[in-house]
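Reader: I have not seen this structure before, and I would like to be led through it step by step. Could you take my questions in turn and explain how each answer is reached?

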Amino acid sequence: QVQLVESGGGLVQTGGSLRLSCAASGRTFSSVAMGWFRQAPGQERREFVAAIKWDGASTYYADSVKGRFTISRDNAKNTVYLQMNSLKPEDTAVYYCAADATTYRRYVTPMNSNYEYWGQGTQVTVSS
């Protein structure tokens, strides 16, 4: 069992930055990939944002955030981060972190269905 708690959301102006954190409990954190997803008002599904392999060796980003967002992890602290720069109004959403259902997966995956554990979400609002 993995419990995830996000923090760091808030209100920021266009072009600003935020750093989201996701603290995990459970012994399996260092053996699973972690992902960030977001859901804007009116969206039915959570949209993939970024993911990082269990050992931090590889990352994967949605095209919409590539070059602006950076995912990282600290396995010693059981925490995954999402540094968001050059924020745009279209980045406004509730951001969720998620833990992969499979340990030691050889690749990172953007598929919602591969993630078993989810946090409660943190609101990010970018004003124009």
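Author: Gladly, and please keep in mind throughout that this is a predicted model. A loop makes a good starting place: Asn 78 is found between strand E7 (69-74) and strand E8 (79-84).

Reader: What is the value of phi at Asn 78 in the turn of the hairpin?

Author: Strands E7 and E8 form a hairpin with four residues between them, and Asn 78 belongs to that turn. The residue is not a glycine, and yet its phi is positive. The value asked for is near 55°.

Reader: Where does Tyr 104 lie, another residue other than glycine with a positive phi, and between which strands is its loop?

Author: The phi of Tyr 104 is likewise given as near 55°. Along the chain, Tyr 104 is placed in a loop, and the strands on either side of that loop are E9 and strand E10 (115-118).

Reader: How many bridges join E7 to E8, and which residue in E8 stands opposite Thr 70?

Author: The two strands run antiparallel, and six bridges join E7 to E8. Taking Thr 70 as one position to look at, its opposite residue in E8 is Gln 83.

Reader: Which side chains of E7 point to the face where they are buried?

Author: The side chains along E7 alternate between two faces. Thr 70, Ser 72 and Asp 74 point to one of these faces and are not buried. The buried ones, which point to the other face, are Phe 69, Ile 71 and Arg 73.

Reader: What is the order of the strands in the open sheet of four strands, and which are its edge strands?

Author: In general, the strands of a sheet pair through backbone hydrogen bonds, in either a parallel or an antiparallel way. In this open sheet the pairing is antiparallel, and the order is E1-E3-E8-E7. Each edge strand pairs on one side only, and the two edge strands are strand E1 (3-7) and E7. With direction ignored, neighbouring strands of this sheet are turned against each other by an average of 15°.

Reader: Which residue in E3 is the bridge partner of Gln 3?

Author: Strands E1 and E3 run antiparallel and are joined by five bridges. One of the pairings between them brings together Gln 3 and its partner in E3, Ser 25.

Reader: Is Ser 21 buried or exposed?

Author: Ser 21 lies in strand E3. Not counting residues up to four places away in sequence, Ser 21 touches several others, among them Val 5, Trp 36 and Val 80. Its relative accessibility is 17%, and because the limit for a buried residue is under 20%, Ser 21 counts as buried.

Reader: Which cysteines form a disulfide, and why is this disulfide called right-handed?

Author: The count comes to one disulfide, and the sulfur atoms of Cys 22 and Cys 97 are 1.9 Å apart. Cys 22 lies in strand E3 (residues 18-25) and Cys 97 in strand E9 (residues 93-103), so the bond ties together parts that are 75 residues apart in sequence. Both Cys 22 and Cys 97 are buried. The torsion about their S-S bond is about 45°, so the disulfide of Cys 22 and Cys 97 is right-handed.

Reader: What does the relative accessibility of Ser 64 make it count as?

Author: Ser 64 lies in the loop between strand E6 (59-61) and E7. Leaving out residues up to four places away in sequence, Ser 64 touches Arg 38 and Glu 47. With a relative accessibility of 36%, Ser 64 counts as partly exposed.

Reader: How many helices and strands are in the protein chain, and why does it count as compact as a globular protein of its length?

Author: The protein chain has zero helices and 11 strands. Its radius of gyration is 13 Å, close to the 14 Å that the globule rule gives for 128 residues, so the chain is as compact as a globular protein of that length. Taken along the principal axes, the C-alpha atoms fill a box of roughly 40 × 30 × 25 Å.

Reader: What share of the 128 residues counts as buried?

Author: Contacts offer a related view of the protein chain: among those between residues at least 6 apart in sequence, 60% join residues at least 24 apart. The accessible surface comes to about 6,500 Å², with 47% of that area belonging to carbon and sulfur atoms. As for the residues, the share that counts as buried is 46%.

Notes
Residues are numbered from 1 along each chain as its sequence is written. This is a predicted model: local features need pLDDT of at least 70, side-chain atom pairs count only at pLDDT 80 or more; totals for chains, interfaces and linings use all residues. Side-chain values use heavy atoms; hydrogens and water are left out. A disulfide is a pair of cysteine sulfur atoms within 2.5 Å. Buried means under 20% relative accessible area, exposed over 50%, partly exposed in between (1.4 Å probe, protein chains only). Contact means heavy atoms within 4.5 Å. Two strands pair if DSSP finds at least two bridges between them. Axes are lines fitted to C-alpha atoms, for helices over the stretch in contact, and angles run from 0 to 180 degrees between N-to-C directions. The radius of gyration is taken over C-alpha atoms; the globule rule is 2.2 Å times the number of residues to the power 0.38. Accessible areas come from the Shrake-Rupley method with a 1.4 Å probe; for residues, only the protein chains shown count as cover.
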